[in-house]
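Please read the following points with the model open beside you. They are meant to be followed one at a time, with each residue located before moving on.

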Amino acid sequence: MDYIQRFPFIISAIMAIVIGAISYTAKDDLKQTCIKMTIALIVFYIIGTFIRSVFYSIHEEIVKRREEMEKEKDKDMEPDGLDNQEVSDSSAHDIDFTVDE
């Protein structure tokens, strides 16, 4: 989740570098290149923030559903309110452990 927290910074920096490289190869003016990179930083930071909020909401929904599934599983596993530890196998009690001497 650490990378999701930093996602807006990462995506905006990558896109600014890409736009800077494209402007450099196109032989654009320095002032024009800086303006393009600044706009790209702002726009892609906003886009990254939106994507990060979507990722967090998806993660929260997954955690919530997992907890609900675990509760339902625990509820289905307990027959008539008894714990699973109280139910034992009766076949183990039928074995005779006496030793003839």
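1. Start with Thr33, which is buried, as its relative accessible area is 10%, in a model that is predicted. The cut-off for calling a residue buried is under 20%, so a value of 10% puts Thr33 in that class. Thr33 lies in helix 3. Leaving aside neighbours within four places in sequence, Thr33 is in contact with Gly20, Ser23 and Asp28. Two of these contacts, Gly20 and Ser23, are listed among the buried residues of helix 2.

2. Asp28, a contact of Thr33, also takes part in a salt bridge. The partner of Asp28 is Lys36, and the closest N and O atoms are 2.8 Å apart. Side chains of opposite charge can pair when their charged atoms come close. Are Asp28 and Lys36 buried, exposed or partly exposed? Asp28 has 28% relative accessibility and counts as partly exposed; Lys36, at 32%, counts as partly exposed too.

3. The count of salt bridges comes to two. Besides the pair of Asp28 and Lys36, there is one between Glu61 and Arg65, with the closest N and O atoms 3.1 Å apart. Glu61 and Arg65 are four residues apart in helix 3, so about one helical turn separates them. An α-helix has 3.6 residues a turn, so residues three or four places apart point the same way. Glu61 is partly exposed, with a relative accessible area of 35%, whereas Arg65 counts as exposed at 52%.

4. Step back to the whole chain for a moment. Its secondary structure comes to three helices and zero strands, and from the N terminus the elements run α-α-α. The chain has 101 residues, of which 10% count as buried. About 9000 Å² of the chain is exposed, and carbon and sulfur atoms supply 61% of that area. Among contacts with a separation of 6 or more, 66% are between residues 24 or more positions apart.

5. Helix 2 deserves its own point. This helix has 19 residues and reaches 27 Å from its first C-alpha to its last, close to the 27 Å expected at 1.5 Å a residue. Which residues of helix 2 are buried? They are Pro8, Ile11, Ser12, Ala16, Gly20 and Ser23. Seen down the axis of helix 2, these buried residues fall within an arc of 165°, so they line one face of the helix. They pack against helix 1 (2–5) and helix 3.

6. The face of helix 2 turned away from that buried side carries the exposed residues Ile17, Ile22, Tyr24 and Thr25. A student may wish to colour these four and the buried set separately. Just after helix 2, Lys27 takes a positive phi of about 60°.

7. How many aromatic pairs does the structure hold? There are two. Phe7 and Phe55 form an edge-to-face pair, 6.1 Å centre to centre and with 70° between the planes. Phe7 lies in helix 2 (residues 7–25) and Phe55 in helix 3 (residues 30–77), so this pair ties together parts that are 48 residues apart in sequence. Phe7 counts as partly exposed at 22% relative accessibility, and Phe55 counts as partly exposed at 36%.

8. Phe9 and Tyr45 form an aromatic pair that is tilted, at 5.4 Å centre to centre and with 50° between the planes. This pair links distant parts of the chain, with Phe9 in helix 2, Tyr45 in helix 3, and their positions 36 residues apart. The C-alpha atoms of Tyr45 and Phe9 are separated by 6.3 Å.

9. Tyr45 is worth one further look. Its relative accessible area is 32%, and Tyr45 is therefore partly exposed. Not counting residues up to four places away in sequence, Tyr45 touches Pro8, Phe9, Ser12 and Ala40. Of these, Pro8 and Ser12 appear in the list of buried residues of helix 2, a set that packs against helix 1 and helix 3.

Definitions and conventions: Residues numbered from 1 in each chain as written. Predicted model: local features only at pLDDT ≥ 70, side-chain atom pairs only at ≥ 80, totals over all residues. Heavy atoms only, no water. Phe/Tyr/Trp six-rings, centres within 6.5 Å; stacked < 30°, edge-to-face > 60°. Helix = DSSP H or I, 4+ residues; strand = E, 2+ residues; numbered from the N terminus. Buried < 20%, exposed > 50% of the residue type's maximum accessible area, 1.4 Å probe, protein only. Expected span 1.5 Å × (residues − 1). Arc of directions from axis to C-beta. Contact = heavy atoms within 4.5 Å. Areas by Shrake-Rupley, 256 points an atom, 1.4 Å probe, with all protein chains shown as cover. Salt bridge = Lys/Arg side-chain N within 4 Å of Asp/Glu carboxyl O.
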